[in-house]
Each structure stands twice: as C-alpha cells, then as structure tokens.
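This report covers salt bridges and the burial of the residues that form them. The sequence and the structure come first.

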Amino acid sequence: MQSTDGTCRVILNPAAGHGYGARVEPKLRQGLEAARIAYEMVRTDGPWHAAELAERACADGCEMIIAAGGDGTVNEIINGLMKASQGTGRRRLGIIPAGSGSDFATGIGLPTDLHEACGQIASGRTMTVDVGRVTVPGQEPRYFGNVVGVGFDGAVLVETLKMKRLRGLALYLPAVLKTIFMNFKAPRMTIEYDGEKMEKPAMLVSIANGFREGGGFLIAPDAKPDDGLFDVVIADEVSQLTMLGLLPHFLRGTHIGLDPITIVQATDVKVSSPDGLIAHVDGEVLCMSAPSIRCDMLPGALEVCGWCADPASAA
C-alpha cells in the first residue's frame, strides 16, 4: 500500500446519486483510513464547483485528486484537471463511485464497493486513458471521459432529472421506456467522421470513449478508453416497437451487426442538424437544441489510479 503523504485531495459531491454521496461519507472516510490514504476532503456545493476545486488542488500542488461521486462529478473534475494543465492532463485521478450510474469508473475496471475502490487506489496501479473534447457553438469546449450521447440518449437524460432517489438501471430504464413512448422523433442528421459523411434521420449518435452508459447499457461494447479512438454508434430511425425490441440488445451489448445499427471508429466526429440536437456528456445535459456538436480525441491525456486489468470483473 502507498501513502499519499498529504498530497491527496478528495472531492466529495454530497448531491451525487440523489444524495447518496452525502449518505456514504462516513463509510468513505472509513475506507480511506483503512487503506492508509492520507487525505484532505472537500465538499462541492453546486454545479461546476468540483471543477473549480480540482483546479485549486492542482494549484496547491496535490499529486492526486480523488473524485467521490458519479459520472457528472468525474466529468467536472476531468475538466478542472485539463484546464489546470492547459489540455495536457497528466495529474493522477482516483475515482470512488458514489453516483447514479458511475459508468466511466466501471468501464475502466474500478470496483463499485467503496472500501474496494479505496484499496485499489492505494495499490498504486495506474492506467493512462484518452479524453474526448466536445464543442458546441456558443459554449466553451468541454472534456469528457466516457460518452457524448446525441438525440435519444440526450432526451433520456432529461427524463432522469425528473426522477428522485433512484440510481443505476432503476433510474435509467424507466426513463428509456418513457422516452420511447413519448414517441421521440429522430432528427435529420449529417454525421461526419475522419473524412467520411452520412446523412439520415437518426435516433441516436453515441460518441463513446467508454463502453457503458445509463447505469448498465453496453452502448459501445468494444470501446476501449486507451486506444485513441471513439466508437461511434449510430441508430437509424425506427418504430417504437423496433426500439423496444432493441432495448435488451443494448443492455447485453448484442446490437452490433443489427440492421438499424452502424458502428464506426474515428478520432474526429461532427454531428449537425437543422432540427436542433439534444445531447448529454457523461450523464449531464450538454445542449437542448444545438445546430452542431463536434468531438475530437486527446489520446493518453489522463492518468487514472486504481485500475483493474479486467473491467468485467469489477462491473
């Protein structure tokens, strides 16, 4: 086990997982102490405070920042780290999952149990992962570790915000079903990637660095966070009945090769639409009606502590 000798700062989001972050704080402290991690803990008090705290931790010379929260908290901290390093990353990030989905953490093999996660961080193992950058007209560029979901995915995220106290699939599955039965209309999209182009009405375009989203949907089952490539999942416009039939496939990751689904790999992706695009980034609202969204890849931009060689064993 390694001690951080006071150079570790834990950023806890008490609102993560609809208050789950606050409820597990005592257990989190026990886990950190059991793992002999010397730490200072700070708590967020609102949106984007985690990004500000991460920047401050870098300025204070902290060698490692631990995110205790969900995908949104991790996303903010990644943004703080990238801003502090002017887009080059290279600060060490630890993650203790305490949110609604924790898909990024699961996708890189981190355990969901708090004590096990602390032990993994203390082990000293690290993994260098890619970071995506997403740009929407009129907004500052934003970094992400897991996925940008355009279209149906974005509409589902908006529905989850209306639900209280649920986590994981218990939160996302009802939101998916509700969005299907709301008769979500596929926008007309132009999808450009690494010099290629397609135009079609599409239900969703998921630009994935990780393989999982929504607390358990294997949206891009072959995606790897360290291969320098996005896996871009495109679902054509289909009927409500077909969407319901596809749902079990997305849960199992068996939608690859099915007729309505196209998957390509790319380092630069742009999606545009005259209908306006709704999208999420790492489980947080990105835009509600954007004319275009562009994602580009920053290979090896982040060092994550506590990774497991077999992500499936930690899921």
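Is Arg-133 buried, partly exposed or exposed? Arg-133 is partly exposed, at a relative accessible area of 27%; here buried means under 20% relative accessible area, exposed over 50%, and partly exposed in between, with a 1.4 Å probe and protein chains only.

The model is predicted: local features need pLDDT of at least 70, side-chain atom pairs count only at pLDDT 80 or more, and totals for chains, interfaces and linings use all residues. Residues are numbered from 1 along each chain as its sequence is written, and side-chain values use heavy atoms, leaving out hydrogens and water.

A salt bridge is a side-chain nitrogen of Lys or Arg within 4 Å of a carboxyl oxygen of Asp or Glu. By this rule there are 14 salt bridges. Three of them are listed here.

| Pair | Closest N to O |
|---|---|
| Asp-296 and Arg-133 | 2.6 Å |
| Lys-178 and Glu-159 | 3.0 Å |
| Arg-294 and Asp-268 | 2.4 Å |

Asp-296 belongs to strand E13 (residues 284-305) and Arg-133 to strand E5 (residues 126-135), 163 residues apart. Helices (H or I, at least four residues) and strands (E, at least two) are DSSP runs numbered from the N terminus. Asp-296 is buried at 12% relative accessible area.

Lys-178 sits in helix H8 (residues 169-181) and Glu-159 in helix H7 (residues 152-160), so their salt bridge ties together parts 19 residues apart in sequence. Glu-159 is buried at 4%, while Lys-178 is partly exposed at 41%.

Arg-294 in strand E13 pairs with Asp-268 in strand E12 (residues 268-281), 26 residues apart. Arg-294 is partly exposed at 40%, and Asp-268 is partly exposed at 24%.

Salt bridges with shared partners also join Arg-9, Glu-40 and Asp-60 into one network.
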